[in-house]
Amino acid sequence: MRAPPTYIVRPQEAILAFPISGFKNSCLLNFSENVSLSGREVWIEARMDAFEFLETLPNATLESLYADPWVCQAVFQSLPSLAQQFVMRLLSCNTVVQEQVLREWLVTQVQSDPGTSVGKEKAKSIDEIYQHSIQKLRKLRVFTQSSTDSYQLHAGFQKQLKYALCHLGGCPWEVGRRKLGKDIEVSFASTELERYARSHWDAVLHYMVGSTSVPDPPQAVVDILLRTNLMQASVDQRALHITDKGYEFMLKDIHIQMWIFILEYIKTLDRTGALKQEDILRFLFQISYCQVNAYYPVQDLTKTQQLLLTDFNNFGLLYRKRSNSDRFYTTSLAINLIFGGTTTSNYSETQVARPRMSSMSDLLTIVETNFKVYAYTTSTLHIAMLSVFVDIVARLPNLAIGFITRESLRSALVHGISAQQIYDFLLKHAHPRMKKNNPIVPENIADQIYLWEKERNRIKFLEGILFDGFNSKEEFEQVREYAQKQRFLTWTDPIHLKLAISSNGIESVRNFIQKSLEIDAFHEQIVARSGRFTASSEDSAFEREFKEKVPLEKLFQCLDDASNSENSARVKTVCACIDHILSSSAIDPQFFQSKQILALILGGLRHHEEQAQVLTIAQVDVQLCKQSRSAMPFENGLLADKEIMHAICDLIASENGEIATKASNVVVELAAGDALEVHETLVDLLLRNALECDTTGKSVELMRYLETIAHLCSTEKMSQYVASSGAMKYILGYLESSDSLLILNIMEVLPKLCQTKAGLQFISDSDTLRKLLAMADDPLFGTETLRFIGEMSTKVAELNVKGWNWGDPVLTQAFFDKVKDKIQDPDEIQQIAAMDAIAAFAASSHKELQVLIQHEIYSEYLQLASSLKMPLKVSCLHGLKKVLAEPTRLKREGRDILEKDAEIWALNQTIYQAIGRASRSNSTTEYLMSFLKQPFEELRIAVYGLLQAVAAQNAEWGIQTILSYGGFFEYILDRNTEPTKECREWKFAVADAILASPFSNLLDPIILFKLKEHLRKGPYIGNSVSAPEMEAA
């Protein structure tokens, strides 16, 4: 089917939650809501003292604490000696100090022997001390780092430390204490107060080892023991028992025990919002400067501190006789809470008030080889601790006797206490006489303890959580693959779709499942709304919400996970979500010009999953189209990054044809920008890849690269670089290949190289025309060669390419000889190809047309217009139409039309009149009109096309030729002669050309009026005639 006519006048989560109950008689932790914590609460390291805890606090909390001089004084005392020196030197200085200056203060200490090994060791040791001091100051944020090599003293800390050094002295609340009189009702020795404090804490320790000799502590204390994992519920959930961490806790110093407990108390109040942790810490720091067993006024305390007073009284840290007493007493436990358990502080021993009470060192044990244990102690707590793994059989006032049995030891092991902890306990509390032995603990006892432990450890227990309830096998496999890849998977049951995840991977797997659910829900919404033409505001809000929950980086990570698990359905789902998000309003238009997108694009282009490549290359194509349509100057930005261009060029060789085609189109669009550097880079990359394909014998990929290079020759600048880079010569070189199929593909590429003057000039200078003429005899691609030569002649004339000269008689004769051979060939295809070549040649310019008229091939060509073979006749008429229409308005702009006395119009008249003579007819028009009575649509369309070209001539002979045939206008104006839409359009095009002719004034005014009315109504009004009626006519 031919193209429509050209008109001139009228163009057409897994979360564990547990309740925290309130303290008895407490006014702070009396709440009923549930506090949700992710997973099991972790063990608080005993090494984290008060000052190390300060290092973990956020800046705002620490700023609040540094507004108190007692806190600043305590922090200063906890610093290493060198750090204290730095602080004192900078205390009166408000400027930034370079690190080099700080180091210069240390140089004098090693100047005496700098070159010796002793000097080097000293320098190394001093450097370690310096680094430790600076690190401590930075962690506590006493030093703020202004730049990479400069420090400044914290302004608030500096101000309050100055105040503390100049004004503080004695104890907090000292003024109010002096105003209080002696308490007549309360009169006891300091030992009694310490016994009171110890009794409260012993109640906690007794409860941990299951002793019933003392009352149970408040429920709030029990909750803290649970949260710190010092105790845990039994299997039946009806009782609590000590854990291995709890047993280790029992062996620590009482100050460390109390600090671990208070630290969890602080976190609980801060987490629930009852009190801020800085208020509690400030109170504890102030208490640390009080005197042991001294009383202080309650009214001097803040409201927050008065609230804390009740809880601290329950813990045994402070003593207050009644809830309305006007004073409270401090114990050594409270005073030593900050400094007593500190391992790194720099303070004098006099600051720490040592309690005068029994300790774990009072326990002395003797273990015999017959597993009998003698424990010398008067403490019921010691007996309770021993009973955890010893079967007590006798009790005396200062002695307990028992046996280590398999059952008693297994009971301890069941509760999580290890054999190593039991061995260390016996070793630590060995009797002096036992310590004289070697080994201290008998070997058979130690070996048997470890053997009994190994009996239980034949099965390895791993903490974790069970995941089940998966909706499908695919979901289960997806989570399983992810957990296995991250090494979180401890057990799996693929039949019942269950798997166990280790405790350190619960949060990660839960987030993965949550993101998967979000992706599935979003994909369902995409499918449900796919039938809508426009997105609503709800759709946009939903897209933005999804993007916030699952960022693009996470989406690409999910794509990798699905790809690694070989879940093709999941890959398709995630790709659909990514594609939708990138195309939605949730993405900022400037996002594709940001550096953030660079890694994502590179990852997508180089992804091993084809769907990811399709998605990415499609999005790049969309963004390039948007930029090309924008009013702003076309700049490719980050999309023109060399790595991205490299990746796109590599995709042209993809086995997926869709990806390869899209990548080729994107390369062409990238080269369409104004940046010449981008175009040159693309050509170089394509040529390099083509050379690699040629070397490896990949002919399909080679042709893709050559076709893409040819597509880039759409402008003069592009063609010039393709020619200068050697790419055009490389392509033309394949015309001499021995692979006929490859030559056919190159012949299809050649017209793209001839789009510009530079391309045609290179082909002209490279003697390609002679090579093509030599190839015309080939039965496979000879016809295409002739067609290309003719079309190239037309293009050369149009662009006025120098050096292309058909005036060369040898070259011209060679061309006509090849055409003559094809015309005389019995094969219709060869004849049609020859006619197409002649038409293209003659349409080049009046010079080529003149050459043709003078050649003998001219008459043979015209005789085919009267051939009995319909395809030959139609092809000849179309070729003649091409020749006659080339210089008219049908092919050129009005300003390019030659004057009416130009030679071309006379030559066109000669050809037109010769058609009739070659067909032995009196008139060419009469001969052509006879074809319109035949029911062959292709023939009628060819005739109408030729008549349109005649009417469009910029010379009088065109209109006069039409006027010479009687009844022509009546036929043209008759709307009932054409059976098909296309025939009607071509017939209408003839009337259009007549009316558009500058010589339409030669027509009768009545005919001219009828033509205008006919043109106004269009081609489709009127009844069509059937094919049989036409044949009868």
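This tour passes through selected parts of a predicted model, stop by stop.

**Stop 1: the N-terminal helices and Pro58**

Begin with helix α1, residues 50-56, and select Phe53 within it. Next, add Trp259, which lies in helix α12, residues 254-272. The two rings form an edge-to-face aromatic pair, with 6.4 Å from centre to centre and 70° between the planes. Because one ring belongs to α1 and the other to α12, the pair ties together parts of the chain that are 206 residues apart in sequence. Are these two side chains set in buried or exposed positions? Phe53 counts as buried at 3% relative accessibility, and Trp259 counts as buried at 4%.

From α1, move to Pro58, in the loop between α1 and α2 (59-65). Pro58 counts as partly exposed, at 45% relative accessibility. Display its surroundings: leaving out residues up to four places away in sequence, Pro58 touches Arg141 and Gln277.

**Stop 2: an aromatic cluster and a charge over two rings**

The pair just visited belongs to a structure that holds 30 aromatic pairs. For a cluster, select Trp173, Trp201, Phe261, Tyr265, Phe283, Tyr296, Phe312, Phe315 and Phe328, which together form one aromatic cluster. Keep Tyr296 in view and add Arg177, whose charged end sits over the ring of Tyr296 at 5.7 Å from its centre. Then add Tyr295: the charged end of Arg177 also sits over this ring, 5.3 Å from its centre.

**Stop 3: strand β14 and its two partners**

Select strand β14, residues 399-403. Four of its five residues are buried, so the strand is largely enclosed by the rest of the structure. Which residues of β14 face its partner strands across the bridges? On the side of strand β12 (residues 372-376), five bridges join the two strands in an antiparallel arrangement, and Ala375 stands opposite Ala400 of β14. Strand β13 (residues 391-396) is likewise antiparallel to β14 and joined to it by five bridges; here Ile392 has Gly402 of β14 as its bridge partner. Follow the chain from β13 into β14 to see a hairpin, with two residues between the strands.

**Stop 4: two tyrosines on helices α18 and α19**

Now select Tyr423 and Tyr450. The centres of their rings are 6.3 Å apart and the planes meet at 45°, so this pair is classed as tilted. Tyr423 lies in helix α18 (residues 419-428) and Tyr450 in helix α19 (residues 443-456), so the contact of rings ties together parts 27 residues apart in sequence. Their surroundings can be compared by accessibility: Tyr423 is buried, with a relative accessible area of 19%, whereas Tyr450 counts as partly exposed at 24%. The cut-off that separates the two is 20% relative accessible area, below which a residue is termed buried.

**Stop 5: a three-stranded sheet with a helix on it**

Continue to the open sheet of three strands, ordered β15-β17-β16 and paired in the antiparallel sense. Strands β15 (464-467) and β16 (489-493) stand at the edges with a single partner each, so one side of each lacks a neighbour in the sheet. From one strand to the next, the twist averages 15°. Select β16 together with β17 (residues 498-502): four bridges connect this antiparallel pair. In one of these positions, Leu489 has Ile501 of β17 as its bridge partner. Then add helix α20, residues 473-485, which packs on the sheet and touches β16 and β17. The direction of α20 makes about 155° with that of β16.

**Stop 6: Val668 in helix α28**

Select helix α28, residues 657-671, and find Val668 in it. Val668 is partly exposed, with a relative accessible area of 27%. Apart from its neighbours within four places in sequence, Val668 is in contact with His711 and Leu712. Add His679, eleven residues from Val668 along the chain: the C-alpha atoms of the two are separated by 9.0 Å.

**Stop 7: helix α41**

End at helix α41, residues 870-885. How far does this helix of 16 residues reach from its first C-alpha to its last? The span of α41 is 22 Å, close to the 22 Å expected at 1.5 Å a residue. The helix is mostly covered, as 13 of its 16 residues are buried.

Conventions. Residues are numbered from 1 along each chain as its sequence is written. This is a predicted model: local features need pLDDT of at least 70, side-chain atom pairs count only at pLDDT 80 or more; totals for chains, interfaces and linings use all residues. Side-chain values use heavy atoms; hydrogens and water are left out. The expected span of a helix is 1.5 Å times one less than its number of residues. Buried means under 20% relative accessible area, exposed over 50%, partly exposed in between (1.4 Å probe, protein chains only). Two strands pair if DSSP finds at least two bridges between them. Axes are lines fitted to C-alpha atoms, for helices over the stretch in contact, and angles run from 0 to 180 degrees between N-to-C directions. Contact means heavy atoms within 4.5 Å. Rings of Phe, Tyr and Trp (its six-membered ring) pair if their centres lie within 6.5 Å; planes under 30 degrees apart count as stacked, over 60 as edge-to-face and the rest as tilted. A charge sits over a ring if NZ of Lys or CZ of Arg is within 6 Å of the ring centre and within 35 degrees of the ring normal.
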